[in-house]
Amino acid sequence: MRRTQGGYSYQPLPQQAPGPSNASHDALEEENERMAEELKGKIGALKSLTIDIGNEVRYQDRLLRGIDEDMDRTGGFMSNTINRVVRLGKGGHRNYMCYMFLFVMVVFFALYLILKFR
């Protein structure tokens, strides 16, 4: 017979006649010790799991910081490159932009042909 109290189910201990019963007390004590050992094992497993999770979080944090630094460097490089292209476009030589556009189109067309007929 299971009973519930506060959302938790439990099995009540069987009612015994009053009097010294060392055998049942020893059995309950052994079961209690066995359950305590199981609980120790589970706690140890959880502790090692949380340590592993912490190590993984630190490793991922290091990777993300490295990626962030790389993106910052790349962003700076790209902004410098774009500024140079804009400066080139503002100069008196308008034909350079046309030549650059044609060059890019030829390169993309050549790559397309190479990949298509591979």
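This report describes the fold, the confidence and the charged side chains of a predicted protein model.

## Overall architecture

The protein chain holds 2 helices and 2 strands. Read from the N terminus, these elements follow the order β-β-α-α. One of the helices, H1, spans residues 22–90. The charged residues discussed below that are placed in a helix belong to H1, among them glutamate 33 and the pair aspartate 61 and arginine 65.

Of the 118 residues in the protein chain, 2% are buried. The accessible surface of the chain amounts to about 11300 Å². Carbon and sulfur atoms account for 63% of that surface.

## Confidence of the prediction

The protein chain has a mean pLDDT of 84. A value of 70 or more is reached by 78% of its residues. Confidence is highest in H1, with a mean of 90, and lowest in strand S1, residues 3–5, with a mean of 57. Where pLDDT is low, the predicted coordinates should not be read in detail.

## Salt bridges along helix H1

The model contains 4 salt bridges. Three pairs are described here, including glutamate 37 with lysine 40, aspartate 61 with arginine 65, and arginine 73 with aspartate 70.

In the pair formed by glutamate 37 and lysine 40, the closest N and O atoms are 3.8 Å apart. The two residues are 3 residues apart in helix H1, and therefore about one helical turn separates them. Glutamate 37 has a relative accessible area of 47%, so it is classed as partly exposed. Lysine 40 is classed as exposed because its relative accessibility is 57%.

## Two further pairs

Aspartate 61 and arginine 65 form a salt bridge with an N to O distance of 3.0 Å. Both residues lie in helix H1, 4 residues apart, about one turn of the helix. Aspartate 61 is partly exposed, at 34% relative accessibility, whereas arginine 65 is exposed, at 53%.

Arginine 73 and aspartate 70 also meet through their side chains in a salt bridge, here at 2.2 Å from N to O. They are 3 residues apart in helix H1, so the separation is about one helical turn. Arginine 73, at 55% relative accessibility, is exposed. Aspartate 70, at 38%, is partly exposed.

## A negative surface patch

Asp26, Glu29, Glu30 and Glu33 together form a negative surface patch. One of these residues, glutamate 33, lies in helix H1. The relative accessibility of glutamate 33 is 44%, and therefore it counts as partly exposed. Membership of a patch requires over 30% relative accessible area and no salt bridge.

## Summary

Helix H1 carries the highest mean confidence in the chain and contains the paired residues glutamate 37 and lysine 40, aspartate 61 and arginine 65, and arginine 73 and aspartate 70. In these pairs the basic residues lysine 40, arginine 65 and arginine 73 are exposed. Their acidic partners glutamate 37, aspartate 61 and aspartate 70 are partly exposed.

Methods:
Residues numbered from 1 in each chain as written. Predicted model: local features only at pLDDT ≥ 70, side-chain atom pairs only at ≥ 80, totals over all residues. Heavy atoms only, no water. Patch = residues over 30% accessible without salt bridge, like charges linked within 9 Å, V, L, I, M, F, W, Y side chains within 5 Å. Areas by Shrake-Rupley, 256 points an atom, 1.4 Å probe, with all protein chains shown as cover. Lys, Arg positive; Asp, Glu negative; His and termini not counted. Charge placed at Lys NZ, Arg CZ, Asp CG, Glu CD. Buried < 20%, exposed > 50% of the residue type's maximum accessible area, 1.4 Å probe, protein only. pLDDT = per-residue confidence, 0-100.
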